[in-house]
Amino acid sequence: MKDNEKLKRLKIVAKRHARSTAQPQHVALDFVATKLGVPNWNALTTRAKRDWAPSDAEIAKVEALVEKVSSFKDAEFDHVFGGPEAVTEGEVQGHRYALKTMCGDVYMDGEGWHIHLHENPLVPPQVTIDLPHALTSPMNNPKLLAEATGIAKELMQTIKARRFENWPRRATKPNAEGKVRHPFLKMADSDRWYCLHCNGEITGVQIAKNQWHCPGCGASPINIFDQPFWLHPHEEKPMAVQIPAESEAIEPVVTVIDQRPRLDLNKDQVKHLIRCALFEDATNASERMGASLAEIHVDEDLDVFLSFEDHYWPEEKEPHSAREVAALLGVEIFKDVMWTDPLFAWPGLGTVTQSTAEYTRLMLDAYRQHGVIGDDKDE
Ligand SMILES: [Zn+2]
């Protein structure tokens, strides 16, 4: 895509879509890509690096679509697209609940209990009980649980009915040959469909019955295509998906969860704490550069191996704060020095100032006076 502006425009559209539908940014980017006939955002940027670019008209079409979706936000569609205001309150056998929908899923919250219904009809209702309510929760009563899930399912029915209204009839009702139409991607009717996520091969009847979610991995309708074009024909073959037998009723799954934040200290957390302490130990711009360049390796026992870059962090300098942090975490620090080329010539310039901007100025001046500054900004 020669025209970088187009990619920028598409990113803005995706951002807007992510916000209005409360979806992660990457999901929205993939959505925008599929609307341009590309399977996902990665594929789109790859093609863009070559010579491909969507036309202004195509982009405008996606912009109009996203505009339409976000304009539903405050309309009576609230329950379909979700939102903080779209909450229904009620009581089930004297127990209060709040019911809402977000991105096709339904959430029901009571005191110390939560029910989550997924848009994918094959996922069982997820019931969670907060630990302090484990013994006393009304959800321990199977009758009450069934009644509560029943209420959540009713809302799910309404949402689905609204969604199906916008789908072509052929998406949910296979013809005599078992052919179905994708609910919103432009493709020919087919009796064989393929899941981008698990490479599953799905019959038209199966995908229609499962409301266009992959019966194998649960991927959403935008991941279902009429051709497995992402597979190399001779290397991988799509496999028929396995579907639970008709008779297997989908029972709710109840789990008790401990909502308190839990710390299982990992290497990454230790690394960040130590790096943070090193910045505190740095007393000038040069040493801050040293703190940033230091290699921090954390082993299986969470002991820390620090390698300082000799030009920026003086060999004799002790990382006191880092040692204090390590002591609190109950781990050891091992210190080491490495010699690599300095990031910039005259690394000592940073020792005379606290300010990074001042150091940058000194460094640029020194290059201007005693060296050369490349001016090819495109490289
Ligand atoms: Zn799948």
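Helices (H or I, at least four residues) and strands (E, at least two) are DSSP runs, numbered from the N terminus. The model is predicted, and in it local features need pLDDT of at least 70, side-chain atom pairs count only at pLDDT 80 or more, and totals for chains, interfaces and linings use all residues. Residues are numbered from 1 along each chain as its sequence is written.

**Exercise 1. Describe the overall form of the protein, and decide how its radius of gyration stands against the globule rule.**

Solution. Begin with the inventory: the secondary structure of the protein comes to 12 helices and 13 strands. The radius of gyration, taken over C-alpha atoms, is set against a globule rule of 2.2 Å times the number of residues to the power 0.38. For 379 residues that rule gives 21 Å, whereas the protein has 29 Å, well over the rule, so the protein is more spread out than a compact globule. Along its principal axes, the C-alpha trace spans about 80 × 60 × 45 Å.

Next comes burial, for which a residue is buried if 20 or more other C-beta atoms lie within 10 Å of its own, exposed if 12 or fewer, and partly exposed in between, with C-beta atoms placed from the backbone. By this count, buried residues make up 27% of the 379 residues. Finally, two residues are in contact if their C-beta atoms, placed from the backbone, lie within 7 Å. Of the contacts between residues at least 6 apart in sequence, 55% join residues at least 24 apart.

**Exercise 2. Explain why H2 counts as largely enclosed, and work out how H2 is set against H3.**

Solution. Eight of the 11 residues of H2 are buried, and the helix is therefore largely enclosed by the rest of the structure. The buried residues are Ala28, Leu29, Asp30, Phe31, Val32, Ala33, Thr34 and Lys35. Just after H2, Gly37 takes a positive phi of about 80 degrees.

For the packing, axes are lines fitted to C-alpha atoms, for helices over the stretch in contact, and angles run from 0 to 180 degrees between N-to-C directions. The axes of H2 (residues 25–35) and H3 (residues 41–49) come within 8 Å and cross at roughly 60 degrees. That crossing makes H2 oblique to H3, given that angles under 35 degrees count as roughly parallel, over 145 as roughly antiparallel, 65 to 115 as roughly perpendicular and the rest as oblique. At the contact, Leu29, Asp30 and Ala33 of H2 meet Trp41, Ala43 and Leu44 of H3. By class, this contact of H2 with H3 has five nonpolar, no polar and one charged residues, where Ala, Val, Leu, Ile, Met, Phe, Trp, Tyr, Cys and Pro count as nonpolar, Asp, Glu, Lys and Arg as charged, and the others, Gly among them, as polar.

**Exercise 3. Test whether the end-to-end distance of H6 agrees or disagrees with the span expected from its residues.**

Solution. The expected span of a helix is 1.5 Å times one less than its number of residues. The 24 residues of H6 (residues 142–165) should accordingly span 34 Å, and the end C-alpha atoms are 34 Å apart, which agrees. Within H6, Leu145, Ala148, Thr149, Ala152, Met156 and Ile159 are buried.

**Exercise 4. Characterise Pro342 and Trp346 in the loop between E13 and H12, and then Leu302 in the loop between E11 and E12.**

Solution. Pro342 is found between strand E13 (333–338) and helix H12 (356–370), and with 16 other C-beta atoms within 10 Å it is partly exposed. Leaving aside neighbours within four places in sequence, Pro342 is in contact with His311 and Pro347. The C-alpha atoms of Pro342 and Asp310, 32 residues apart along the chain, are separated by 8.7 Å.

Trp346 has a positive phi of about 50 degrees although it is not a glycine, and it is partly exposed, with 14 other C-beta atoms within 10 Å. Leu302, in the loop between E11 (295–298) and E12 (304–309), likewise is not a glycine and has a positive phi of about 70 degrees. Leu302 is partly exposed, with 17 other C-beta atoms within 10 Å.

**Exercise 5. Which residue of H4 has its C-alpha atom 9.2 Å from that of Leu36, and how exposed is His320?**

Solution. Lys61 lies in H4 (residues 56–71), and its C-alpha atom is separated by 9.2 Å from that of Leu36, 25 residues apart along the chain. His320, found in H11 (residues 320–329), is exposed, with 11 other C-beta atoms within 10 Å. The C-alpha atoms of His320 and Asp281, 39 residues apart along the chain, are separated by 6.6 Å.
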